[in-house]
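Trainee: Got a minute to go through this one with me? I'd like to poke at strands, pockets and cavities.

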Amino acid sequence: MVDESKLNGATMSETQDVAPSNILLEVKDLKKYFPIQKGLLRRTTGYVKAVDGVSLFIEEGETLGLVGESGCGKTTTGRCIVRVYEPTAGDILFHENGSAINLNDLERQELKAFRRHLQMIFQDPFSSLNPRMTVLELVGEPLLAHGIASGTELEDRVAEMVVAVGLKVEHLPRYPHSFSGGQRQRIGIARALVQRPKLVVCDEPVSALDVSVQSQVVNLLQDLQTELNLTYLFVAHDMSVVRQISNRIAVMYVGKLVEVAESEELLRNPKHPYSETLLSAVPRPNPHHRMQRLNLEGEPADPANAPSGCVFHPRCQYMEDICKMEAPPLAELTPGHHVACHFADSLALQGIAYSDSIAVISG
Amino acid sequence: MTESIPHNGAPHKPEIESVAAATASQSAPDREKQALYTSSQWQLIWRRFKRHRLAQIAMIMLAFLYIIAACAEFIAPYETRRDFKGFVYAPPAKIHFFDEDGFVGPFVYGLKGGRDENYQRIFEEVKEEQYPIRFFVRGDEYKLWGVYKTNLHLFGVEEDGQIFVLGTDRLGRDLFSRVIYGTRISLTIGLVGVFLSFVLGLIIGGVSGYFGGTVDEIIQRMIDLLVSIPHLPLWMALAAAVPRDWNSIQTYFAITIVLSIVGWAGLARTVRGRLLSLREEDFTIAARVSGVSEWRIITKHLLPLFTSYIVVAITLAVPGMIIGETSLSFIGLGIQPPAVSWGTLLQDSQMIVNVALHPWLLIPALFVIVTVLMFNFLGDGLRDAADPYSIS
């Protein structure tokens, strides 16, 4: 596994003073730039700054929801954390038994071994399952790859996992083509969880599914979380799905985090104008709590050519001159509530009642 | 949607001991469904292929042609170089079943050559000479597959008579026998040529797709250049470089190399395109996240998905090779006599006089057309069947 002596370097001392005891994953100033290449010689003419300095932490057993529009870099953040993409810069610290491992420093072999603790659930249940493999092969593959189990033991463990996600044992010899989208996503979940990871990056796991199936899969993920003591980074663009599962929510816009807070706090009391707009789009089941729908002008900023100052300023209705000049840092406004806005403490933004999210119409 | 309700509570242990036991305890229609659900991609392809009537017929026809190619010596009544004096440009034989006395089974009359008032060659049937067509007659000696020395032929007539099913050529050689022998070179050159192009295409396309970047760019522009050169002049230039004094086996391989030098480009493109798209598929990333090694990803995830596309691409590339060989041999730059291919047989029909007076010399072209059509039908059926996302 991981060389212990490697962990006693600078990363150790750095983390000790910041991290509360039960933090599982800490991301510091993560950057991922994709080069833009042009011409015959493929000269790099610029960078798409998909993730531009994201810092966040996830406590053990909690779910951090990561929301934002399409193309804001939330998926890239998730993929950098599981090292599908090589981060351009930044630290990804995984805390285990009181020591921290920087995933960004791991060599290929170490990383391969470490991947047991770190899994991913994919958005598209159709393209994420190899059509040439049976459920048994698909779910059993991680166990085989890590040499955890083989033969009948593997079959037993796979069967156990498949039943735990709500499929049947007789589904094992079947190929993905015989399953519906929701069932395929269950296979994907079984595959991710079969080696008992600690952290699971859920990359929009329900956005490709039928609305009627979405809540079933979210419920399943919640049940499995308590059962298997999992920690989730839940990436999604749909606020109504995220608030159902998340303890805390991080809002992302054009490669940067603009607001991080406890779910209830963020819903009731958003401090960033962008969060307010996202919340206004959540459908409300209670007709008495109708809120004015805020429509954003224009397109999201181009991450290859981000605006100066605050990246949100061209679309912000509260914009002042300082927003064009200076980028606001992500600062802690109240304990646990981080906002990146110059006027976070002065703006009166509209949130939604937390009870709305439980979809109860009281009268 | 038939989603089962997610369970609550403690982790479950499956009640059933094994997968086999679970599948065994099902009713008959369930088992049929299970058979469909558990059928692998190849089984699904086969299932869909079986619905493609034309492709199936094509496959059977091609199998038949290849059997002919394998047993050419046995099926052809005569040896390719056996020339019958006095039977130059004899027309295809008329096979009779009835004589004056009624039904006697298949037979041919003896032929008598002569010239008419315009000094054109004519042949008359000699009614007194009847030669019944028999199966398994003794004739020219040969070694089947280079091992068994025998003189048994599938059919023929008694020693004194002759049977020219498709007539004879300018030296009095039996055209049918020559077409049968020609099948061997014409059909295998397509396969060997495609195999060579496939190896080239797989390596070059693989390098292009795997390394990407500048290497990819250079290879792709090279392919663009190669594809832009008209095929026939390029083949001609290359074939002209093959030394004249090489024997027929050497020429055969030289020609396959010439054909595949042009042919690999298309296959390389296919390989590269598939590789690039498969490499970025979610399931490859999923496998990588699961800690699966690169080697296993290539062998277990990429190659199996690759093969069906490659099989289709290869099947559709074979006719091009066959046409290529035929064209080269037709203009005299391909297979050299005395070796026989359909192209060399068609050389005789280069002169319009020959075609006008002895139209049977064009019959080898018919074989080319049928073979190419069959390969196209087969490739078409395979392509429809191999698409993994059209599940019906």
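Trainee: Let's start in S7(A): which residue there is the bridge partner of Met120(A)?
Mentor: Val201(A) is the bridge partner. Keep in mind that this is a predicted model.

Trainee: How many bridges join S6(A) to S7(A), and do they run parallel or antiparallel?
Mentor: There are four bridges between S6(A) and S7(A), and the two strands run parallel. S6(A) covers residues 118–121, while S7(A) covers residues 199–203.

Trainee: And which residues of S6(A) are buried on each side?
Mentor: Leu118(A) and Met120(A) are buried on one side, Gln119(A) and Ile121(A) on the other, which leaves both faces of the strand covered. As background, side chains in a regular strand alternate between the two faces of the sheet.

Trainee: Met120(A) caught my eye. What about cavities, how many are there of 30 Å³ or more?
Mentor: The count is six. The largest cavity holds about 90 Å³ of space. It is lined by 13 residues, and Met120(A) is among the closest to its centre, along with Phe122(A), Gly188(A), Arg191(A) and Ala286(B).

Trainee: Which elements give two or more residues to that lining?
Mentor: From chain A they are S6 and helix H6 (181–193), and from chain B it's H10. H6(A) gives the most to the largest cavity, with four residues.

Trainee: What's the split by class for the largest cavity?
Mentor: Its lining has seven nonpolar residues, five polar and one charged.

Trainee: OK, pockets now. How much space lies in the largest pocket?
Mentor: About 1200 Å³. The lining has 39 residues, and those nearest the centre are Tyr210(B), Arg279(B), Glu280(B), Arg288(B) and Glu294(B).

Trainee: Which elements give two or more residues to the lining of the largest pocket?
Mentor: Chain A brings strand S1 (23–38) and helix H3 (108–114), and chain B brings helices H6 (175–211), H9 (248–279), H10 (282–289) and H11 (294–330). H11(B) gives the most, with six residues. By class, the lining of the largest pocket divides into 19 nonpolar, eight polar and twelve charged residues.

Trainee: And what lies closest to the centre of the second largest pocket?
Mentor: Thr80(B), Arg81(B), Tyr181(B), Arg184(B) and Ala339(B), out of 15 lining residues. The volume of this second largest pocket is about 500 Å³. Strand S4 (134–144), H6 and H9 of chain B each give two or more residues to its lining. Eight residues of that lining are nonpolar, two are polar and five are charged.

Trainee: Back to H11(B) for a sec. His301(B) lies in that helix; is His301(B) buried or exposed?
Mentor: Buried, because its relative accessible area is 1%, and the cut-off for buried is under 20%.

Trainee: What is His301(B) in contact with, leaving aside neighbours within four places in sequence?
Mentor: From chain A, His301(B) has contacts with Asn130(A), Met133(A) and Glu141(A). From chain B, the partners are Phe283(B), Ala287(B) and Arg296(B).

Trainee: How far is His301(B) from Arg279(B) in space?
Mentor: They are 9.5 Å apart, C-alpha to C-alpha, with a sequence separation of 22 residues. Arg279(B) is one of the residues nearest the centre of the largest pocket.

Trainee: Let's swing back to chain A. How does S1(A) pair with S4(A)?
Mentor: In the antiparallel sense, over five bridges. Glu26(A) has Leu93(A) in S4(A) as its bridge partner.

Trainee: And what joins S4(A) to S5(A)?
Mentor: Four bridges, with the strands running antiparallel. His95(A) has Ala100(A) in S5(A) as its bridge partner. In the hairpin of S4(A) and S5(A), two residues sit between the strands, and Asn97(A) takes a positive phi near 50°.

Trainee: How many helices and strands does chain A have?
Mentor: Eleven helices and twelve strands. Of its 363 residues, 55% are buried.

Trainee: Last one: what is the strand order in the open sheet of chain B?
Mentor: S1-S2-S3, with antiparallel pairing. The edge strands are S1 (96–99) and S3 (121–132), each pairing on one side only. Neighbouring strands of this sheet are turned by 60° against each other on average, direction ignored. Three bridges join S1(B) to S2(B), and Asp99(B) stands opposite Gly102(B) in S2(B).

Notes: Residues are numbered from 1 along each chain as its sequence is written. Chains are lettered from A and ligands numbered from 1 in the order in which they are written. This is a predicted model: local features need pLDDT of at least 70, side-chain atom pairs count only at pLDDT 80 or more; totals for chains, interfaces and linings use all residues. Side-chain values use heavy atoms; hydrogens and water are left out. Two strands pair if DSSP finds at least two bridges between them. Axes are lines fitted to C-alpha atoms, for helices over the stretch in contact, and angles run from 0 to 180 degrees between N-to-C directions. On a 1 Å grid over the protein atoms alone, a cavity is a set of points where a 1.4 Å probe fits but cannot get out, and a pocket is an open set with protein on both sides within 12 Å along at least five of seven lines; lining residues have an atom within 4 Å of a point. Grid points are joined across faces, edges and corners, and a volume is the space filled by probe spheres set on the points. Ala, Val, Leu, Ile, Met, Phe, Trp, Tyr, Cys and Pro count as nonpolar, Asp, Glu, Lys and Arg as charged, and the others, Gly among them, as polar. Buried means under 20% relative accessible area, exposed over 50%, partly exposed in between (1.4 Å probe, protein chains only). Contact means heavy atoms within 4.5 Å.
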